[in-house]
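Subject: Handing over a structure

Dear colleague,

I am passing a structure on to you, and what I found when going through it is written out underneath. Please keep it open beside this message while you read.

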Amino acid sequence: MNARDEQKSAVPEAGPTHKWHHPGRWGAVIIGFLAFTVISATAAVTLQDRIFRRPVEQPIKFNHKLHVEDNQLGCSTCHEYYEKETFSGLPDPDVCAFCHSEKQGDSEEEARLVKMIADGEALEWKSLFRQPPHVFYSHRRHVLVAKLECKTCHGDIASTTAPPTRVTKLRMQDCIDCHHQKNVSTDCTTCHR
Amino acid sequence: MARWSMVIDLDRCTGCQACVVACQVENNVPPAGADQAAAGRTISWMRLAPFQNGEHGTRPDLKLVPIPCMHCDHPPCIKVCPVKATQIGEEGLVAQVYPRCIGCRYCTTACPYTVRQFNWRRPEWPQPMERGLSPDVSVRPRGVVEKCSFCHHRLQRAKDKVSAENRPLREGDYVPACVESCPAEAMVFGDLDDPRSNVTRLSQSPRAFRLLEELGTEPKVIYLSKGEWGGEV
């Protein structure tokens, strides 16, 4: 018997008696690690906006409720283009200056706006509703042709007293659901070019 | 529902390539540059394929055939796409959804007309051409396949226009850039399901034929020519 054969016979054969039902210490470590990865990944995806994105700050804390509900201004007073173009538009200081070249009420925000207008400062509004950049959406087509109301996509923004601080991301599933409901085209070319 | 189709009269076509240029500009197709062209990586949604048809005196009789996407009724590209990035729409237009495309290039291989092209690099335009890009068409990123769309953004525009004027879509409301640009009026575009349209009338002409008809792809680009045809050069 040479050395190699001796070594061979020394190794016990792994038979059907081998226990697989207990994961052992390393098994527990691996399962724990996997569970940790899955949980933290899920948390990161669901909470990424709150964790990584800073809240959106507008130049003025615009009160939609005061303008739309209490003073009966239409959406097109400030968002001029939604019936004419693909985009809706955000107001220039000139539009605000129609009423706010002088002080109308006694809120601090308004006082700040009046000063900004007087100083000729630009109003850099931030868009709060976002679609993926490759989607070709037309406000005109939805408002004028399909006769949708603004709140169908924009929710109750008209009755908010301060602008939301989070960006709403519009998803394809929302578009598709509505298109199915109203029995309109879900042809890819309608939105993707 | 319309079934959009293009008729190309090869007896009228002079091979001037106005359609090629019009397409390039309309659809934000980037110029390849010398190095990419040398590597055979130019992108052109509309190309002119040279065919030889016997001899003309001492010279070969060459004919240039404009080849856009055929928008087949049974497109082989759709069957091979693993991510459904290319689909045929309700009006028979074969669409390419770029954000879905994973760049596997199965479709470029499956297409018997070889009209699908891959973006080997990030598109670049020499200054100041970038400012002249069309806002109606996306700029394709690196790593996706693209092809002729029959300018379907023009269909959307036409639909918007007719809905504003409160009338149905008429022939000539929707015409791709290549058809519009053809100085020889060799190209006609319209609805193949409309029995009174020009394309329907021309498709029934004895001169009408389609490329690789025997494959059963049912292409919606119809060619017109009197003569016999030789092979591609």
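The side chains of Asp160(B) and Arg141(A) come together in a salt bridge, with 2.8 Å from N to O. Because Asp160(B) belongs to helix H5 of chain B and Arg141(A) belongs to helix H6 of chain A, this pair joins two chains. As background, side chains of opposite charge can pair when their charged atoms come close. Please bear in mind, for this pair and for everything that follows, that the model is a predicted one.

How many salt bridges does the rule count over all chains? The count comes to 17 over all chains, while between chain B and chain A it is 1 salt bridge. Across that interface the rule also finds 5 residue pairs in polar contact, where both residues have a pLDDT of 80 or more. On the side of chain B that touches chain A, the largest share comes from helix H5 of chain B, residues 152-164, which supplies 6 residues. Sorted by class, the residues on this side of chain B are 7 nonpolar, 7 polar and 5 charged.

Turning to the interface as a whole, 19 residues of chain B are in contact with 15 residues of chain A, and the two chains bury about 1,500 Å² between them, of which 57% is on carbon and sulfur atoms. Which three residues supply more than any other three of the area that chain B buries against chain A? They are Glu90(B), Gln156(B) and Asp160(B), which supply 32% of that area; Asp160(B) is thus named here as well as in the salt bridge with Arg141(A).

There is also a pocket to look at. Rolling a probe the size of a water molecule over the atoms shows where empty space is left. The second largest pocket holds about 370 Å³ of space, and its lining is made up of 19 residues, of which Thr86(A), Tyr137(A), Ser138(A), Arg193(A) and Asp136(B) lie nearest its centre. The elements that give two or more residues to this lining are helix H6 of chain A, residues 139-145, and H5 of chain B. The largest share of the lining, 4 residues, comes from H5(B). By class, the lining of the second largest pocket divides into 6 nonpolar, 5 polar and 8 charged residues.

With best wishes

Notes
Residues are numbered from 1 along each chain as its sequence is written. Chains are lettered from A and ligands numbered from 1 in the order in which they are written. This is a predicted model: local features need pLDDT of at least 70, side-chain atom pairs count only at pLDDT 80 or more; totals for chains, interfaces and linings use all residues. Side-chain values use heavy atoms; hydrogens and water are left out. Contact means heavy atoms within 4.5 Å. Buried area is the accessible area (1.4 Å probe) that two parts lose on being put together, summed over both. A salt bridge is a side-chain nitrogen of Lys or Arg within 4 Å of a carboxyl oxygen of Asp or Glu. A polar contact is a pair of N or O atoms within 3.5 Å; within protein, one must be able to donate a hydrogen and the other to accept it, and residues adjacent in sequence count only if both atoms are side-chain atoms. Ala, Val, Leu, Ile, Met, Phe, Trp, Tyr, Cys and Pro count as nonpolar, Asp, Glu, Lys and Arg as charged, and the others, Gly among them, as polar. On a 1 Å grid over the protein atoms alone, a cavity is a set of points where a 1.4 Å probe fits but cannot get out, and a pocket is an open set with protein on both sides within 12 Å along at least five of seven lines; lining residues have an atom within 4 Å of a point. Grid points are joined across faces, edges and corners, and a volume is the space filled by probe spheres set on the points.
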